[in-house]
Amino acid sequence: MVGMAKTKAPKGYSVRPSTRDDLKAIVGIYNWAVNQTFATIDSEPLDAEEAQAWWEAHGKRSLLLVSVDETGVIGWARLLPWKQRGYDVVECLVYVDPVHQGIGIGGALLSELIKEARGLGYLTIVASIATDNRAGLALYTKYGFGEVGTIKNAAHKFDRWMDITLVQRSLD
Ligand SMILES: CC(C)(COP(=O)(O)OP(=O)(O)OC[C@H]1O[C@@H](n2cnc3c(N)ncnc32)[C@H](O)[C@@H]1OP(=O)(O)O)[C@@H](O)C(=O)NCCC(=O)NCCS
C-alpha cells in the first residue's frame, strides 16, 4: 500500500489505499450485498469483531483500496493471496455502493487492482463470481478476465443453490 499515489479519477471521486477509519463504511457496503444480493455467497453480515479480523488479515502481498467522494467511502476493492503459500495467484474483490453503481467506479477500482497486483509480483489475478451475477461477470470480462470454470451448487443462499464461476487474467 505504501508508495501508491492517490489517483484522481473523473466524475468527482478518487481511489486511495484504505485506512482503519474506512472500515465501517467498507463493511456497510459489503453487508448490503450480503443481505440484499447474490453477489457474495456470504449470507451472514459481518459484525464488528469479524470486520476487525477481516481488516487484520492484511498480509504483505495484500491491498485494500477505497473509492471516495465528498460523502465518504463509496466503493472498495481488495487483493488477497489465493489459497496456500507458493501460488503466484492473487484474488480480487470489488464492491461499489449501490447508489453509486454504473458510473465507472468498479472499473476504476479493478484497473487499479490489476496495476497494483503486477507491482506486488503476481503472475495471475482471479475472481470468483456468482454465475448469475451479470454485472460482476461483465465487469471482469471487460477488463480481460477469461472463464476458468464453474463450481456447481457451491453455496446455498436465500433458499436456493448458487453456482460460482472462477475467472482469471494474466498479469504479463
Ligand atoms: C460489479 C460491480 C462492482 C460493478 O461496479 P460499477 O461501479 O457499477 O461498474 P462500472 O460502472 O465501473 O462498470 C464497468 C463495467 O462493468 C459492467 N457492468 C457494470 N454494471 C453492469 C450491469 N448492471 N449490467 C451489466 N454489466 C454491468 C459493464 O461491463 C461496465 O462497462 P460499460 O459501462 O462499458 O458497459 C457492482 O455492480 C457491485 O458492487 N456489485 C456487487 C458486488 C459484486 O458483485 N462484485 C463483483 C464480484 S467480487
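What radius of gyration would a compact globule with 172 residues have, and what does the protein have?

**View 1. Overall dimensions of the predicted model.** A compact globule with 172 residues would have a radius of gyration near 16 Å. The protein has 15 Å, which agrees. Along the principal axes, its C-alpha atoms fill a box of roughly 40 × 35 × 30 Å.

**View 2. Helices and strands of the protein.** The protein has 4 helices and 8 strands. Read along the sequence, the order is β-β-α-α-β-β-β-α-β-α-β-β.

**View 3. Burial and contacts in the protein.** Of the 172 residues, 28% count as buried. Take the contacts with a separation of 6 or more: residues 24 or more positions apart account for 58% of them.

**View 4. Residues around the ligand.** The ligand is surrounded by 22 residues. The closest are A39, Q101, G106, G107 and A138. Four elements give two or more residues each to this shell: strand 5 (89–96), helix 3 (105–119), strand 6 (124–130) and helix 4 (134–142).

**View 5. Helix 4 in the shell around the ligand.** Which element gives the most to the shell? Helix 4 does, with 6 residues. This helix spans 134–142. Within that span lies A138, one of the closest residues to the ligand.

**View 6. Make-up of the shell around the ligand.** How many residues of the shell are nonpolar, polar and charged? The nonpolar residues number 13. Another 7 are polar, and 2 are charged.

Notes. Residues numbered from 1 in each chain as written. Predicted model: local features only at pLDDT ≥ 70, side-chain atom pairs only at ≥ 80, totals over all residues. Near = placed C-beta within 6 Å. Nonpolar A, V, L, I, M, F, W, Y, C, P; charged D, E, K, R; others polar. Rg over C-alpha atoms; globule rule 2.2 N^0.38 Å. Buried ≥ 20, exposed ≤ 12 C-beta atoms within 10 Å, placed from the backbone. Contact = placed C-beta atoms within 7 Å.
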